[in-house]
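Subject: Handover of a structure for your review

Dear colleague,

Please find below the structure that I am handing over to you. A summary of what was found in it follows.

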Amino acid sequence: MSMTAPHAPTRRTALRLGAAGSLLGAAGLTAGCGSAAHSEGTSALRIAQPSEPTGLDPHLESGLDGMNVLINIFDTLTMRDTENELVPRLATHWEATDEHHWRFRLRKGVTFHNGEPFDARSVKFSIERLIDPDTGSTIVELRSVDHVEIIDDIVMAEPDPVIPEKVSLFGGVMLPADHFADVGAKGFAAHPIGTGPFRFVSWRKAQLLRLAAYADHWNGRPAFDEVHFTAMPNPASALAGIQSDAVDLVSALDPEAALQLEGYKDVSLTTHPGIRMYFVVLDTEHEVLKDARVRRALNHAVDVPLLISAVLNDSGREAATIVPREAFGYDPDVKPPERDPDEARRLLADAGHADGLTLSFTASNKDQLVSQALAGMLEDVGVTLELEILEPGTFAERLASDDPSSLGSMYLTGSTGWTLDGEATMQSYIRSDRKRSRIRSPEADEMIDALEQTIDPDARLKTFRRMQEWLHDEAPFLFLYQADQNFASNKRIEWTPNVNGTLAMETAR
Amino acid sequence: MSRGRTRLLRAAVTRLLSSLLVLWAAVTVVFVLSRASGDPVALLLPDDASADQVAQMKQTLGLDRPLPLQYLDFLGGLVHLDLGDSLVYKEPVTSLIIERIPATALLAATALLITVVVSFLAGSIGAMRRGTALDRVVMSGVLVGQSTPAFWVGILLVLLFGVTLRALPAAGYGTPAHLILPATTLAIFSVAVVSRLLRSSLIEVMGQDHVRTARAKGASEARVLMGHSLRNASMPVITVLGLELGSLLGGAILTEQIFNWPGIGRLTIDAISARDFPLVQGTVVLFAVTFIVVNLLVDLSYAIIDPRVRSHA
């Protein structure tokens, strides 16, 4: 069970430390000629995203837009790099010492923005605060952790193989224990202090959240002097913002909005692989859908490549499973179901539906176009969908409700497992005791338990393979696609996101 | 005289009581409707939250208590001007609202100013040059303004001045330049309504005896307008301006969305989509109070402008 993750400083880190000085000068020059709005001599990177944080206490933030801001203020123990490798951040090495212990070695010489040193006490404080029910955190990933011991050990009540991945984002933000004790939770949220590459400056709600470069960051000073976040819930505002040079980067554009930017010569659209998986959950207890032949027929009927090119403007990759390609456990040998309407019709006739059938289908209005396209493709093989398209809030509420029938016989969903371990999505959508699951299979539950609690990676990979073969045969989902991330940016910024899509601006030039 | 004063006092008290009744009705409707719209906990928790987490969060937010109790608590809080804490931001609703009032007030006040100035000009020109080509041009403009949806005007202004000409900021807040496009967008409908009304009202007043007398005495057209007609013609205009202030606040919700303006309108929309009950209730209380106060002010201004109203109170 030696599972030491690799962990000398990466090539990229070493490079950055050496080159930071010269890049800084270059960034200063290019920033000067960028925009009239920022002529005061500092280079500010202006980012628009759909929403802003609900608050600045990282343990109380569970939304990605909020974390996009916080990840610049706080460092995590580990991190995903742009190649999607899990790399050292505040932890330099980590290993499982037995089934119940993960040991992390910490980076030395790191200080918080107020000068407080970062050490094992910070880790103990941060993780134990996160898992303490009194904190009211909604971040569930670390629920297997029992406590932290200061020989740099994280002790688990249940074995958990994914701890290093889970401390790469929401689960791993490090807070200063002493400062927190001084100012309390409210005081801390009003002016958060982390060890991250940027420090908090000010926040005027619905207007501007300002961060400034932290000169003493252990990984070198970032190229931009400031980062400004603005929430622009209306996509048209964000587009006008980038077209009129009021912002430098717009995140989370949907493919249709991105189309409108074509032809603007100063604005470039970049598309990066993303990990949000889209699939349709089929109710395997429904009187018609309990027949696996019908579920396979639906998969044969939907032409996903056509869906991606016609509806998503090619902004996605076909999926054979509900696990993203980049996640641990993805099995490249499992192929997407063949798109074959004749086979679909044959299977449906076999199952006694030669005259067609009608199914109810629920989706959020964010996915309206995809839903309508699906309905059209299924109509071709004799399956009529009764569409119920809901406002996103209502849809989210029904997803979380105790009544599975509120979402009809099938529903379209998107899921982002930021730990990038296949187990997270499988848990939520397959384990029989989960609200979103429409599957009652003891066999599948057993496999998920094994995935969740086995430390040995080879044994886990074997179970992942069995699990995906099971998915392929049983077809409890309509497998669709893995969505890309779309950004619009101008010439002032050069930046590559990592696959989980967080707006960590340390590497922006 | 003292009988008149008692009567005025009684009218004022009745007025105040009925205002409170309206306020109570408004907040009650919102209380009921917002709870009928669904459960915010689903939106606040991550996808795979456990039943324990849901129960704990409901308890923390006080949403597990019987509705009548929640309602009484809410009314009790209102009396003390305490609107509770926002579910999303975990901060007092009053302070979140107070933070956003200046932006909306600035936008609505600027739009109102534009409305008054432009409609005074357009209405007077129309009345004094009635039937001429100039009048027809102004009135056609007014008709276009009245029949064009504000959000569409807003988007056109953004495209023209923000994106194509880059003369004005397309969205945001902070400098006077940021104010121009949203305030214009917001004012367009009101300008149309008020200019038309002022024009017809002026035409009517200018036909009356005392104005004819003034003209006969040799007063200039400008003096007839300023000294004799405007004051009388402005009575219905003030009522409509009061109503328009209401629609400006309503219009601010759309305009603030288009221009990313950090005011009450955007706060309301965000609160509704997050099912943030206390915050939705708070913004509705604010809207209701504003309407009530504006109506009172309109009534009062009658009494000041037209002495006849005072004696009939």
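**A strand residue and its surroundings**

A:F487 is located in strand β17 of chain A, which covers residues 477-489. Please note that the model is a predicted one. With a relative accessible area of 3%, A:F487 is buried. Its C-alpha atom is separated by 7.0 Å from that of A:L249, although the two residues are 238 residues apart along the chain. Leaving aside neighbours within four places in sequence, the contacts of A:F487 include A:L249, A:V250, A:S251 and A:L253. A:S268, A:L269, A:T270 and A:H272 are also in contact with A:F487, as are A:W495, A:P497 and A:L503.

**Aromatic pairs**

Over all chains, the count comes to 15 aromatic pairs. One of them joins A:F170 and A:W418, with 5.4 Å centre to centre and 50 degrees between the planes, and this pair is tilted. Where do the two partners lie in chain A? A:F170 is in the loop between α4 (163-166) and α5 (177-190), and A:W418 is in the loop between β16 (410-415) and α13 (423-430), so the pair ties together parts that are 248 residues apart in sequence. Both A:F170 and A:W418 are buried.

The strand residue described above also takes part in a ring pair. The ring centres of A:F487 and A:W495 are 5.4 Å apart and their planes stand at 90 degrees, so this pair is edge-to-face; the angle is over 60 degrees, as that class requires. A:W495 counts as buried because its relative accessibility is 13%, and the cut-off for buried is under 20%. In addition, ring pairs link A:F74, A:F125, A:F180 and A:F188 into a cluster.

**Nonpolar cores**

In soluble globular proteins, nonpolar side chains tend to be buried together. In this model the largest nonpolar core has 60 residues, and A:L77, A:F104, A:F118, A:I127 and A:M505 touch the most other members. Helix α2 of chain A (residues 64-73) gives the most to this core, namely five residues. Another core, of 37 residues, lies apart from it; among its members are A:V288, A:A351, A:A373 and A:L385.

Not counting residues up to four places away in sequence, A:F104 touches A:T78, A:A91, A:H93, A:W94 and A:D152, and also A:I154, A:I163, A:P164 and A:V167.

**A helix in chain A**

Is helix α6 of chain A, residues 235-243, largely enclosed or open? Seven of its nine residues are buried, so the helix is largely enclosed by the rest of the structure. The buried residues of α6(A) are A:S237, A:A238, A:L239, A:A240, A:G241, A:I242 and A:Q243. After α6(A) comes A:D245, which has a positive phi, near 60 degrees.

**Chain B as a whole**

Chain B contains 13 helices and zero strands. The C-alpha trace of chain B spans about 85 × 65 × 30 Å along its principal axes. Of its 313 residues, 44% count as buried. Among the contacts in chain B with a separation of 6 or more, 73% are between residues 24 or more positions apart. Chain B exposes about 16100 Å², and carbon and sulfur atoms supply 70% of that area. Chain B also carries 25 positive and 20 negative side chains, with the centres of the two sets 19 Å apart.

Yours sincerely

Methods: Residues numbered from 1 in each chain as written. Chains lettered and ligands numbered in written order. Predicted model: local features only at pLDDT ≥ 70, side-chain atom pairs only at ≥ 80, totals over all residues. Heavy atoms only, no water. Helix = DSSP H or I, 4+ residues; strand = E, 2+ residues; numbered from the N terminus. Buried < 20%, exposed > 50% of the residue type's maximum accessible area, 1.4 Å probe, protein only. Contact = heavy atoms within 4.5 Å. Areas by Shrake-Rupley, 256 points an atom, 1.4 Å probe, with all protein chains shown as cover. Lys, Arg positive; Asp, Glu negative; His and termini not counted. Charge placed at Lys NZ, Arg CZ, Asp CG, Glu CD. Core = buried A, V, L, I, M, F, W, Y, C linked by side-chain atoms within 4.5 Å. Phe/Tyr/Trp six-rings, centres within 6.5 Å; stacked < 30°, edge-to-face > 60°.
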